[in-house]
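Here are my notes on the model you sent round. Have it open while you go through the points.

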Amino acid sequence: MSGSVGCHGGEEDGVFGIPVMKLAVIGGLGVAAFAFFAHRNAEASQSNPQCAFTVNADVLNVRAGPSTGERIVGRLVQSQPVTAKPLVQNGFRQIAENRWASVDYLVAASGNTC
């Protein structure tokens, strides 16, 4: 067993035997990828308003359409957080497909942009 021990052509060992320079390049690529995707997510959240509300009724009926004449398809309770859609019709806010709640009992949560 002759020869040089620990000699790698001038490159210093980093983690798991990977040369320091290669670790630096890999780390830099990781930071660049993170910044790219974080920026894309920030743009997406600005184009989709945050419609966050809190229920301000003991029990709030959720209806199939924007009218008190529509059938009840669910119920929300006092202080329950609700994420909704920007669409409001006839005094009802759409909270999901075929799910509407009266705006009179939905209080805008902190940070609401809807």
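1. What pattern does the protein chain follow when read along the sequence? The order is α-β-β-β-β-β-β-β-β, that is, one helix and eight strands. Helices (H or I, at least four residues) and strands (E, at least two) are DSSP runs, numbered from the N terminus.

2. A word on ground rules. This is a predicted model, where local features need pLDDT of at least 70 and side-chain atom pairs count only at pLDDT 80 or more, while totals for chains, interfaces and linings use all residues. Residues are numbered from 1 along each chain as its sequence is written, and side-chain values use heavy atoms, with hydrogens and water left out.

3. Overall numbers next. The protein chain has 114 residues, and 21% of them count as buried (buried is under 20% relative accessible area, exposed is over 50%, partly exposed is in between; 1.4 Å probe, protein chains only). Its accessible surface is about 8,200 Å², with 56% of that belonging to carbon and sulfur atoms (Shrake-Rupley method, 1.4 Å probe; for residues, only the protein chains shown count as cover). Among contacts with a separation of 6 or more, 50% are between residues 24 or more positions apart; a contact means heavy atoms within 4.5 Å.

4. Now the disulfide (a pair of cysteine sulfur atoms within 2.5 Å). Searching the whole structure turns up one: Cys-51 to Cys-114, with S to S at 2.0 Å. The link is right-handed, with 80° about the S-S bond. Cys-51 sits in the loop between helix H1 (20-47) and strand E1 (52-55), and Cys-114 in the segment after strand E8 (106-108), so the pair ties together parts that are 63 residues apart in sequence. The two ends sit in unlike surroundings: Cys-51 is buried at 1% relative accessible area, whereas Cys-114 is partly exposed at 34%.

5. Which residues make up the largest nonpolar core? There are 12 in all: Cys-51, Phe-53, Val-55, Ala-57, Leu-60, Val-62, Leu-76, Val-82, Ala-84, Ile-95, Ala-101 and Leu-106. E1 and strand E2 (59-63) each supply at least two of them. For the record, a nonpolar core is a set of buried Ala, Val, Leu, Ile, Met, Phe, Trp, Tyr and Cys residues joined through side-chain atoms within 4.5 Å.

6. Two core members deserve a click. Ala-84 is in the loop between strand E4 (81-83) and strand E5 (88-89), and is buried at 12%. Leaving out residues up to four places away in sequence, Ala-84 touches Cys-51, Phe-53, Arg-93, Gln-94 and Ile-95. Its C-alpha is 8.3 Å from that of Gln-50, 34 residues apart along the chain. With the same sequence neighbours left out, Val-62 has a list of contacts that includes Ile-72, Leu-76, Ile-95 and Trp-100.

7. Ser-102 is worth a look as well. It belongs to strand E7 (residues 99-102) and is buried at 12% relative accessibility. Beyond residues up to four places away in sequence, Ser-102 touches Leu-60, Gly-91 and Phe-92.

8. Lastly, backbone angles. Most residues other than glycine have a negative phi. Ser-79, in the loop between strand E3 (72-77) and E4, has a positive phi of about 70°. Asn-98, in the loop between strand E6 (92-96) and E7, also has a positive phi, near 55°, and is partly exposed at 46%.
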